[in-house]
Amino acid sequence: MGLARSLRKVHSLPRRFRQAQMIARALKSRNHPILAHIIPIRRCNLSCAYCNEYDKVSSPVSKAEMIRRIDLLAALGTEIITFSGGEPLLHPDLDELIRRIRHHGRIATLITNGYLLNPERIRQLNRAGLEHLQISVDNVQPDEVSKKSLKVLDKKLEWLAEHAAFDVSINSVVGAGVQHPEDALIITRRALELGFDTTVGTIHDHKGQLQPLQDADRAVYDQIQKERKPGFWAFAYDNLFQKNLAAGQPNDWHCRAGSRYLYICEDGLVHYCSQQRGYPAIPLEKYTGEDLEREYWTKKPCAPFCTVSCVHRVAMIDLMRENPRQALAKFFPPAVAGAPAQLPAGVKFLSSLFLPPEDGRPQNGAAKAMAGAVMRMLGIK
Ligand code: SF4
Ligand code: SF4
């Protein structure tokens, strides 16, 4: 498994480069979507009690129609296209759809319950060019609320650790409806042991809104944060959104759903997100730059207690683009109020290259030249 992990690291280098390009383009311009979730099939092979995103009867969207929608998203400039559901692995042509995304040079990712994974299916996903896969594991033992348990999925996780060439991230949950809060910690530790990225979500209601954490959930949540050693964006995300949500506090942010994030349902309509379907509900083929611009500015009343983490993460890029110094101060708050922001060394270095000095002096020539060289290396004009 050690060899598989090392190979995954080597294979990930071109992917990291493309991710850096994607972030640089998203920081440079707000005229294109950063992330779209697209539903190839609404049907799911499970029936989680909390879920409002599946049915038991729908057929897959036809391959031709899915390819048309992927082409439309690429034409809008969408950077990352993620298959969600229902259960996307139930779609018979999923691998061809992944190839279509890669054909456009976009990043292809998948959210799955993992039940249909086996070594050969994982190798097929490698060959198709999948770049990231996310599984939510809800509990250690299956119960009446969710069968997405570590007991059932652990073997699948081992196969992923052994065979996947793509990045894998394991999401656990804390909050109302979770019977054993400590399960999230056990799941996170297992994911870290297997070399995966981890996220922890707070349970939301059927409108994507926060359910406050009880003391036991809170203690588990804090322990997970101590152990999972998040990277730059995850660390910033925790400071910006998760800390408040875990404390039951609202977040002051601007949701850019309908602009920088799109949710494309099985009928091909663009919605804000999985929890706010019906707005604006415009067919994808009629969605234009004007719609992206309007929705960039539309204030969503559900924003303060929203728990839809992928839309939060997208908003962080726009925060950085609009006011980088203010954003960095929020991402890396000082230990004591009034002190300067505690920037990690790498972030400090990049800010010295790309941001003008705080005292209003012009940026020095060497920093300007190096910043230009970095942008050219990423292929960004
Ligand atoms: S596996 Fe996912 S889509 Fe299926 S019922 Fe559970 S939460 Fe919903
Ligand atoms: S704030 Fe945005 S992402 Fe969150 S529920 Fe509302 S529309 Fe969806």
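In which sense do strand β1 and strand β7 pair, and over how many bridges? They pair in the parallel sense, and 4 bridges hold the count. Welcome to this structure, which is a predicted model.

**Strand β1 and its partners**

Let us start with β1, which spans residues 35–38. This strand is covered on both of its faces. Leu-35 and His-37 are buried on one side, while Ala-36 and Ile-38 are buried on the other. The chain passes from β1 through helix α2 (residues 63–75) and on to β2, in a β-α-β crossover that is right-handed. Strand β2 covers residues 80–83, and 4 bridges join β1 to it. Within that pairing, Ala-36 has Ile-81 as its bridge partner. Turning to β7 (residues 261–264), you will find Tyr-261 opposite Leu-35.

**Strand β5 and its partners**

Now move along the chain to β5, made of residues 167–174. How many of the 8 residues of β5 are buried? The count is 6, so to speak of β5 as mostly covered is fair. Strand β4 (residues 132–136) runs parallel to β5, and strand β6 (residues 197–202) also runs parallel to β5. Ile-170 is a handy residue to look for here: it is the bridge partner of Ile-135, and its bridge partner in β6 is Thr-198. Helix α5 (residues 150–163) belongs with β4 and β5, and these three elements make a right-handed β-α-β unit.

Here are the strand pairings side by side.

| Strands | Sense | Bridges |
|---|---|---|
| β1 and β2 | parallel | 4 bridges |
| β1 and β7 | parallel | 4 bridges |
| β4 and β5 | parallel | 5 bridges |
| β5 and β6 | parallel | 6 bridges |

**Around ligand 1**

Which residues are found around ligand 1? Three cysteines, Cys-44, Cys-48 and Cys-51, are among them. The list also includes Leu-46, Ser-47, Glu-53 and Tyr-54. From further along the chain come Gly-85, Gly-86 and Glu-87, together with Asn-113 and Lys-148. Sorted by class, this shell holds 5 nonpolar, 4 polar and 3 charged residues.

**The domains**

Finally, step back to the whole protein chain. Its domain assignment gives domain 1 as 2–322 and domain 2 as 344–377. How far apart do the C-alpha centres of domain 1 and domain 2 lie? The distance between these centres is 32 Å.

Methods
Residues numbered from 1 in each chain as written. Chains lettered and ligands numbered in written order. Predicted model: local features only at pLDDT ≥ 70, side-chain atom pairs only at ≥ 80, totals over all residues. Buried ≥ 20, exposed ≤ 12 C-beta atoms within 10 Å, placed from the backbone. Helix = DSSP H or I, 4+ residues; strand = E, 2+ residues; numbered from the N terminus. Pairing = 2+ DSSP bridges. Right-handed = clockwise from strand over helix to strand, strands pointing away. Domains from an automatic or database assignment. Near = placed C-beta within 6 Å. Nonpolar A, V, L, I, M, F, W, Y, C, P; charged D, E, K, R; others polar.
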